[in-house]
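Trainee: Please take one part of this model and look at it closely. I would like the strands and the turn between two of them.

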Amino acid sequence: MHEPLPDDGTIRKLWRGETDAYRDHLLRLDRDSRYRRFSGTVSDEFIARHAATGGDIGVVVHGFFVDGVLRGAA
């Protein structure tokens, strides 16, 4: 069952300088969530490399922020 989203959340595009927020969000995922998101077991180092590509030309990542903290990304 899913909990409702907080009313004070904001959805917006992540900017090139926000790859650290994207990395931190992905590092907070538990083991099962990481497995589902990446279709396999991944290390912290893999996540850091993956998140760094979020600032590349042509890459668009949208984030869901609550109180200034990235809590979801697509």
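Mentor: Here is a walk through the strands, ending at the turn. The model is predicted: local features need pLDDT of at least 70, side-chain atom pairs count only at pLDDT 80 or more, and totals for chains, interfaces and linings use all residues. Residues are numbered from 1 along each chain as its sequence is written, and side-chain values use heavy atoms, with hydrogens and water left out.

Start with β2, residues 62–66. Strands here are DSSP runs of E, at least two residues, numbered from the N terminus; helices are runs of H or I, at least four residues. Of the 5 residues in β2, 4 are buried (under 20% relative accessible area, with exposed over 50% and partly exposed in between; 1.4 Å probe, protein chains only).

Strand β2 pairs with β1, residues 10–13, in the antiparallel sense over 4 bridges. Pairing requires that DSSP finds at least two bridges between two strands. In this pair, Thr10 stands opposite Phe65.

Strand β2 also pairs with β3, residues 69–73, again antiparallel and over 4 bridges. Here Val66 stands opposite Val69. These two strands form a hairpin, with 2 residues between them.

Now the turn. Asp67 sits in the loop between β2 and β3. Its phi is positive, about 50°, although Asp67 is not a glycine. Asp67 is exposed, at 65% relative accessible area.

One neighbour of β3 deserves a mention. His25, in helix α1 (residues 19–27), touches residues including Leu70, Arg71, Gly72 and Ala73; contact means heavy atoms within 4.5 Å. His25 is buried, with a relative accessible area of 6%.

Key:
Lists of a residue's contacts leave out its neighbours within four places in sequence.
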